[in-house]
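Welcome, and please load the model into your viewer. We will take it one selection at a time, with a short note at each stop.

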Amino acid sequence: MTDKKIVSEDTMTALHQRNPFLWINPDRAKSGEPGKLWHDRVIGKSDIHKTYKRFVRFSNVLKTLFPELEGTDGFIDSALLPADTLQSALGLAKNNGSLFIKADHSLPVAGSIKARGGIHEVLEFAERIALENNLITVDTPDDITNPDSRKLLSKYKVSVGSTGNLGLSIGIIASALGFEATVHMSADAKEWKKQRLRDRGVNVVEHDGDYAAAVAAGRTAAEKDPFCHFVDDESSFSLFAGYSAAALRLKEQLDEKSITINKDNPLFVYIPCGVGGAPGGIAFGLAHTFGSNVHCFFAEPTASACFMVAMMDRSGTNPSVYDVGLDNRTEADGLAVPKASECAVNVMRPTLSGIFTVEDDTLFRHVHTAAVTEEIRIEPSAAAAFDGPRWLTKTPVGEGYLRRHDLQQHMVNATHIIWTTGGLFVPEVEYQRFLTRGSKIKS
Ligand SMILES: *Cc1c(COP(=O)(O)O)cnc(C)c1O
């Protein structure tokens with residue numbers, strides 16, 4: 001499936017043998033500009049601003065529906081936390097820059113990064129219906145919570161296929177707005193996620209197969225129903241755009257800390273990746289905000305490296321991890337995805353810096369490290385990116401990247417951001433099991 005000139009024999013061996021490694025994207029353009037097509041739709045910077053404005057427009061509505069958003073004034077966002085203790089624990093030397101955590105593990109409403117994309121897509125759908133039926137105007141979005149609007153929205157259904165976190169996000173916002181919500185879940189979805197949704201009146205349909213099978217089942221069921229909107233994790237641009245708005249907030253947070261990003265002050269961002277929508281959307285937003293001075297790396301479980309497999313492919317067939325002999329068995333349920341979003345892959349091809357893989361044991365070790373160093377509570381999927389700084393600064397492949405991009409002399413001024421993507425709602429008993437397992441694993 002691969003061109004040997006692009007992917008070395010060693011790389012393929014490491015992939016097959018499930019050895020963690022860092023892969024550098026040979027197609028990153030000098031400008032770092034992301035792809036401009038999503039299917040046949042032209043996308044760009046204006047989409048990020050449009051999305052951001054939708055979040056602002058609906059911030060009152062969100063505050064009304066979710067009182068926990070009072071603190072962020074109705075905006076779905078997380079803190080940017082300095083992480084000095086974690087930085088020393090991970091062995092990132094100060095002369096290689098400063099480490100921060102982007103704390104999406106504590107994103108309100110959905111408890112994971114999926115709050116960004118999921119809430120945006122459902123808001124966009126609700127806004128369209130309410131506008132078409134003259135229940136709101138562009139200037140009176142708050143009317144969407146009026147009884148008349150809710151009555152209309154209750155005639156519509158929103159459905160989604162999910163390993164868990166996307167389902168939580170879509171189910172919670174859709175039912176809060178008055179939609180009938182259905183979440184198709186794969187067999188590996190956690191029981192507490194299903195229960196949390198059922199408690200909110202969301203229909204949960206369980207499927208025996210993997211994540212892709214749950215998505216396919218949900219898509220087919222929705223196609224037959226004109227009143228049903230299906231949130232398609234693999235090809236929805238609204239979802240992708242929802243994630244991209246994070247970049248504009250991150251820029252503000254960096255400004256507040258007087259951190260400038262430019263050629264002499266590079267930004268490195270490490271994000272866990274499943275289908276690639278969440279990290280892709282964020283990387284798209286960051287590339288349009290910081291240009292070639294931001295370097296994004298995705299992190300995937302060794303068994304589910306679907307984005308890496310798709311990026312390496314030259315055949316245009318968008319292969320899955322099964323096609324290269326991997327089994328997609330990982331305890332990182334947020335990342336247990338066999339096939340990447342082809343749209344996200346195409347947008348990322350000219351901009352993504354690289355991808356590294358991580359073993360399950362390492363995820364648990366980092367869940368524990370996060371707790372003892374920075375007192376943050378994350379789920380295993382959210383720990384996937386912790387080895388990013390090490391791959392970049394302490395391995396020949398990473399050093400090669402820094403050298404080729406002329407970054408070595410600027411590393412002392414570098415900002416590194418590890419994106420922690422979920423954890424807030426993990427039940428205590430389950431979280432304690434993660435910690436116990438993590439505490440026993442040696443690095
Ligand atoms: C979904 C998810 C991701 C990755 O998002 P994709 O859009 O699937 O790439 C990362 N971390 C957590 C906790 C998630 O739930």
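Start by selecting helix α12: of the elements around the largest cavity, α12 gives the most to the lining, with three residues. Keep in mind as you look that this is a predicted model.

Next, bring up the rest of that lining. The largest cavity has 27 lining residues, and its volume is about 230 Å³. Which elements give two or more residues to this lining? Colour β6 (157-162), α7 (165-177) and α12, and you have them. To find the middle of the space, pick I113, K114, G274, G334 and L335, which lie nearest the centre of the largest cavity. If you colour the lining by class, you will get twelve nonpolar, twelve polar and three charged residues.

Now switch on the ligand. Where does it sit? The space that the ligand takes is the largest cavity, the one you have just been looking at. Select the shell around the ligand, which holds 16 residues; K114, N165, G274, G276 and T421 come nearest. Helix α12 (residues 277-290) turns up again here, giving the largest share of the shell, three residues. By class, the shell around the ligand is made up of six nonpolar, eight polar and two charged residues.

Time to zoom in on the polar contacts. Try these three distances with your viewer's distance tool:

- K114: an N or O atom in its side chain is 2.7 Å from an oxygen atom of the ligand.
- A278: a polar backbone atom here is 2.7 Å from an oxygen atom of the ligand.
- G277: a polar backbone atom here is 3.2 Å from an oxygen atom of the ligand.

While you are here, switch on a surface. How much of the ligand does the protein bury? Taken alone, the ligand exposes 380 Å², and the protein buries 99% of that.

Step back to the whole model for the other spaces. The structure holds four cavities of 30 Å³ or more, so named stops could continue, but let us turn to the pockets instead.

For the last selection, go to the largest pocket, with a volume of about 330 Å³. There are 14 residues lining this pocket, and K30, K263, S292, H405 and D406 are the closest to its centre. Coloured by class, the lining of the largest pocket shows three nonpolar, six polar and five charged residues.

How values were computed: Residues are numbered from 1 along each chain as its sequence is written. This is a predicted model: local features need pLDDT of at least 70, side-chain atom pairs count only at pLDDT 80 or more; totals for chains, interfaces and linings use all residues. Side-chain values use heavy atoms; hydrogens and water are left out. A residue is near a molecule or strand if one of its heavy atoms lies within 4 Å of it. A polar contact is a pair of N or O atoms within 3.5 Å; within protein, one must be able to donate a hydrogen and the other to accept it, and residues adjacent in sequence count only if both atoms are side-chain atoms. Accessible areas come from the Shrake-Rupley method with a 1.4 Å probe; for residues, only the protein chains shown count as cover. On a 1 Å grid over the protein atoms alone, a cavity is a set of points where a 1.4 Å probe fits but cannot get out, and a pocket is an open set with protein on both sides within 12 Å along at least five of seven lines; lining residues have an atom within 4 Å of a point. A molecule sits in a cavity or pocket if more than half of its atoms lie within 2 Å of its grid points. Helices (H or I, at least four residues) and strands (E, at least two) are DSSP runs, numbered from the N terminus. Ala, Val, Leu, Ile, Met, Phe, Trp, Tyr, Cys and Pro count as nonpolar, Asp, Glu, Lys and Arg as charged, and the others, Gly among them, as polar. Grid points are joined across faces, edges and corners, and a volume is the space filled by probe spheres set on the points.
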